[in-house]
Amino acid sequence: MVSAAPTVLLTGACGYIGSHTWVALAQAGYRVLGVDDFSNSSPAVLTRLQRLTGQAPAFKQANVCNAAALETVFSGQRIDAVVHFAALKAVGESTAQPLAYYANNLGGLLTTCRVMQAHGCRRLVFSSSATVYGAPQHLPIAEDAPLSATNPYGQTKLVGETILQDLARADAAWRHVSLRYFNPVGAHESGLIGEEPRGTPNNLMPYVAQVAAGLRPYLQIFGNDYPTPDGTGVRDYLHVVDLAQGHVAALCHLLDGGDTLTVNLGTGRGSSVLEVVNAYAKASGREIPCHIAPRRPGDVAACWADASRAGEVLGWRAQRGLGEMCGDSWRWQITRDHRADTQNQSAVLFTGR
Ligand code: NAD
Ligand code: WQD
């Protein structure tokens, strides 16, 4: 842990991973500032962050593509590092709306880096993704595996990593950590923050959660004829609180003078769709009706991380298993509709003037 209390700016701070990272950083003693445009989150998250951290969140509503708005956050205060979460993340939508994805994800990264540079802040943690491995040739997947993008969303992550590498080559003062997340799931154990999918969930666990809650009649299992032990797709599911701790470790590395890195964040263990369904049924005590459906286009059979580099260079290891991921997801699912704070938002401190 660093000795002073460094200030860290989170972009996309009210989203799923940003909100959990905010709590982890506040608990680790960092001063946290947040920026979000609420394009995929809600101001109600700020009320819950206040409850979890015991502090009024320092927050500004802003789009990271808007340099003038970011300027107001940087001016008048020292920011030691940025964690850049802000991005659009739906793979299917990115194929239908490539311009929106390139503009938001790459435009937002470029603007953030430019404003950081203008203010002498050159420490960045970037939300990358295991999607940059495309269809993996070997398992587990190590960071030096071949890279490819199969959709515009994945392309924004590949190009985002490249932009940061070019920046580091051009100016040795720039240091960044690109974190390649595998499949983040679960929620904070309090049940106060979690993933809030808009409309039909794209990802497995939020969909299973809604089936368990009776909000959807059944889960479609996309393919049971993959070359995996039970025929269903295998992924490396990772508890979002472990993932948040990975960001604390990456920031600690950068602020202690560590070098630029690219690191997988995963458990190193794969679970099939059927294993997830069974674990969720156990955690929730509910039945999860399933229908076998055709494979989803673009899906790979199996994908899990070689997570050894994260252990070696960041001292980070995932602690939570599939049962805890499902249990915490379920607690979030059953409590979220009953909270009063979605109607009754408390005031928060705004940074900048
Ligand atoms: P999320 O949608 O819950 O959070 C992203 C947040 O960024 C949202 O609150 C949204 O309102 C905000 N945002 C988007 N564009 C913005 C802009 N231009 N200006 C300001 N705010 C903006 O997503 P998440 O799951 O928390 O993902 C965070 C990051 O991690 C993203 O970069 C995503 O691509 C990456 N990632 C996510 C996963 C996953 O499965 N959740 C996996 C790998 C990588
Ligand atoms: C997991 C498994 C599906 C839904 C995606 C993005 C990736 C990353 C994380 C951001 C697969 C199966 C799913 C359903 C199912 N995001 N499934 N029924 O595809 O590994 O990754 O999210 O970077 O870029 O592509 O995750 O949760 O969608 O799917 O059978 O209703 O569950 O086929 O085997 P995926 P997922």
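Among the 26 residues around ligand 1 in this predicted model, D36, N40, S41, N104 and Y153 come nearest, where a residue is near a molecule or strand if one of its heavy atoms lies within 4 Å of it. The model being predicted, local features need pLDDT of at least 70 and side-chain atom pairs count only at pLDDT 80 or more, while totals for chains, interfaces and linings use all residues. Residues are numbered from 1 along each chain as its sequence is written, chains are lettered from A and ligands numbered from 1 in the order in which they are written, and side-chain values use heavy atoms, with hydrogens and water left out.

By class, the shell around ligand 1 holds twelve nonpolar, ten polar and four charged residues; here Ala, Val, Leu, Ile, Met, Phe, Trp, Tyr, Cys and Pro count as nonpolar, Asp, Glu, Lys and Arg as charged, and the others, Gly among them, as polar. At least two residues of this shell come from each of α1 (16-27), β5 (123-129) and α6 (152-170), and β5 gives the most, with three residues. Helices (H or I, at least four residues) and strands (E, at least two) are DSSP runs, numbered from the N terminus.

Polar contacts (pairs of N or O atoms within 3.5 Å; within protein, one must be able to donate a hydrogen and the other to accept it, and residues adjacent in sequence count only if both atoms are side-chain atoms) link ligand 1 to backbone and side chain alike. A side-chain N or O atom of K157 lies 2.9 Å from an oxygen atom of ligand 1. On the backbone side, an oxygen atom of ligand 1 is 3.1 Å from an N or O atom of S39, and another such pair, with a polar backbone atom of G15, is at 3.3 Å. Ligand 1 taken alone exposes 820 Å², and the protein buries 95% of that; accessible areas come from the Shrake-Rupley method with a 1.4 Å probe, and for residues only the protein chains shown count as cover.

Turning to ligand 2, 18 residues surround this molecule, with S129, Y153, Q220, R235 and D299 coming nearest. The shell divides into eight nonpolar, seven polar and three charged residues, and strand β8 (residues 219-222) contributes the largest share, four residues. Oxygen atoms of ligand 2 pair with a side-chain N or O atom of S129 at 2.7 Å, a polar side-chain atom of R296 at 2.8 Å and a polar side-chain atom of N203 at 3.0 Å. Of the 690 Å² that ligand 2 exposes when taken alone, the protein buries 86%.

Within the protein, R180 is worth a look. This residue lies in strand β6 (residues 175-181) and counts as buried because its relative accessibility is 3%; buried means under 20% relative accessible area, exposed over 50%, and partly exposed in between (1.4 Å probe, protein chains only). The side chain of R180 reaches the backbone oxygen of E143 at 3.1 Å. Not counting residues up to four places away in sequence, R180 touches several residues, including S129, E143, E161 and N264, contact meaning heavy atoms within 4.5 Å.

As for the chain overall, its secondary structure comes to eleven helices and 14 strands. Its radius of gyration, 19 Å, agrees with the value near 20 Å for a compact globule of 353 residues, taken over C-alpha atoms with a globule rule of 2.2 Å times the number of residues to the power 0.38. Of the 353 residues, 54% count as buried.
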